[in-house]
Amino acid sequence: MSDAQSYVLRRMRARELIGKHEADERAAAVSDPSRRKRVAKRAVRQDPADVQTNIEFREWADEHLPEVLKAQVLSFLRIIWPDGFTGSNRFRDWTSHPDLRPHHLLYAAGSQLVSHLEVVTTTVSVGGENYVVQSPTAVMTFPAFRGEGWAGRLVAAAVARIDAGQADVGVLTCGPHLVDLYSRAGWEIAPGATILAGEDGSTWVSDDVLLTRSVGPRSAAFKASLREHPMRVADEW
Ligand SMILES: CC(C)(COP(=O)(O)OP(=O)(O)OC[C@H]1O[C@@H](n2cnc3c(N)ncnc32)[C@H](O)[C@@H]1OP(=O)(O)O)[C@@H](O)C(=O)NCCC(=O)NCCS
């Protein structure tokens, strides 16, 4: 018998024994009330369908985001955007830099993260003028939940937060294939806009599409200036 066959047989035998043990316990529980409690407790295994119905919207300032959820966001980021976790950032333990005051909006079933984004606040410069911008970033949905509208709902919640805030304008960057997701929530493409990211001497041109959302009275000036000048940011977020 090969190792694989003997492994399968051992697993089948173990399963049979567990099944028999559980049946014995159930039978014993009928006459013994103390056992009844234990058996009942074990029987409450959560069905995946029930978990799905318990998906709830929650939000946290960065410093209050529960560690179990933060770890899932970080792991997702490390796999999907590995460039942000190289060199001195190899053991990075922040999702967006704390200086950007991330505010997390998410859907979770208990401690299981379904979908997440964070709104960050920073300053960018266009045509020599500085503007305070807010931006949704680290937008993600775990694969099993994609196409169900979770990210779309979070983007709408981010819009409500940004509109109610103090920024001059909302900005975000995304790959061209995701423009629809954001335009549905009211973000507009800034046609031909260029993003220059990086400190002096390490500047690069971002390939992403820039989308904007008018918020404060300086939004119009920002958008007009963006037609003539690149948007300069210290780092991509
Ligand atoms: C993009 C992402 C967050 C979407 O999450 P989601 O919960 O499935 O989003 P929703 O269900 O609300 O919306 C799905 C929409 O996203 C867009 N979309 C998502 N992935 C896409 C892809 N690979 N190509 C084209 N469109 C895509 C579509 O517009 C789709 O619309 P449809 O339902 O009409 O087809 C998710 O696919 C993900 O985590 N991707 C990896 C990380 C990422 O790229 N994040 C975005 C960074 S800007």
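**Notes on the core, the sheet and the ligand shell**

1. A good place to start is the largest nonpolar core, which has 40 residues, and in which Leu-154, Ala-158, Val-169 and Met-231 touch the most other members. A nonpolar core here is a set of buried Ala, Val, Leu, Ile, Met, Phe, Trp, Tyr and Cys residues joined through C-beta atoms within 7 Å. Strand β3 supplies the largest share of this core, 7 residues. "Buried" means that 20 or more other C-beta atoms lie within 10 Å of a residue's own; 12 or fewer makes it exposed, anything in between partly exposed, and the C-beta atoms are placed from the backbone.

2. Before going on, keep in mind that this is a predicted model: local features need pLDDT of at least 70, side-chain atom pairs count only at pLDDT 80 or more, and totals for chains, interfaces and linings use all residues. Residue numbers run from 1 along each chain as its sequence is written.

3. Now the overall picture. The protein has 7 helices and 10 strands. These are DSSP runs numbered from the N terminus, with helices being H or I of at least four residues and strands E of at least two. Of the 237 residues in the protein, 25% are buried. Taking contacts between residues at least 6 apart in sequence, 66% join residues at least 24 apart. A contact means that two C-beta atoms, placed from the backbone, lie within 7 Å.

4. Back to β3, since several other strands meet it. Strand β3 (residues 112–126) is mostly covered, with 11 of its 15 residues buried. Strand β2 (residues 103–109) runs antiparallel to β3 and is joined to it by 7 bridges; two strands count as paired if DSSP finds at least two bridges between them. Within that pair, Ala-108 stands opposite Leu-113. The β2–β3 hairpin has 2 residues between the strands, and Gly-110 there takes a positive phi near 60°.

5. What does β3 pair with further along? β3 and strand β4 (residues 129–141) are antiparallel over 11 bridges. Thr-123 faces Val-132 of β4, and Thr-122 has Val-133 as its bridge partner. This hairpin also has 2 residues between its strands, with Gly-127 at a positive phi near 55°. Strand β10 (residues 231–233) is another antiparallel partner of β3, through 2 bridges. In that pairing Val-126 is bridged to Met-231, one of the core residues named at the start.

6. On to β4, which also has a parallel partner: 2 bridges join it to strand β5 (residues 169–174). Val-133 of β4 stands opposite Val-169 in β5. Helix α5 (residues 150–164) joins these two strands in a right-handed β-α-β unit. Right-handed means that, with the strands pointing away from the viewer, the path from the first strand over the helix to the second runs clockwise. As for Leu-154, its contacts include no neighbours within four places in this count, and they are Leu-105, Ser-115 and Leu-117.

7. Which residues come closest to the ligand? Thr-141, Arg-146, Ala-151, Gly-152 and Cys-174 do, out of 17 that surround it. The elements giving two or more residues to this shell are β4, α5 and α6 (179–183). A residue counts as near a molecule if its C-beta atom, placed from the backbone, lies within 6 Å of it. The shell divides into 8 nonpolar, 6 polar and 3 charged residues. In that split, Ala, Val, Leu, Ile, Met, Phe, Trp, Tyr, Cys and Pro are nonpolar, Asp, Glu, Lys and Arg are charged, and the others, Gly among them, are polar.

8. Two residues other than glycine have a backbone angle to look at. Ala-138 has a positive phi near 50° and lies in strand β4. Ala-138 is buried because 22 other C-beta atoms lie within 10 Å. Arg-101 has a positive phi of about 45° and sits in the loop between α4 (67–80) and β2. Arg-101 has 16 C-beta neighbours inside 10 Å, so it counts as partly exposed.

9. Last, a look at Ser-225, in helix α7 (residues 219–226). Is Ser-225 buried or partly exposed? It is partly exposed, because 17 other C-beta atoms lie within 10 Å. Leaving out residues up to four places away in sequence, Ser-225 touches Val-126, Gly-127 and Glu-129. Ser-225 and Gly-128 are 97 residues apart in sequence, and their C-alpha atoms are 9.6 Å apart.
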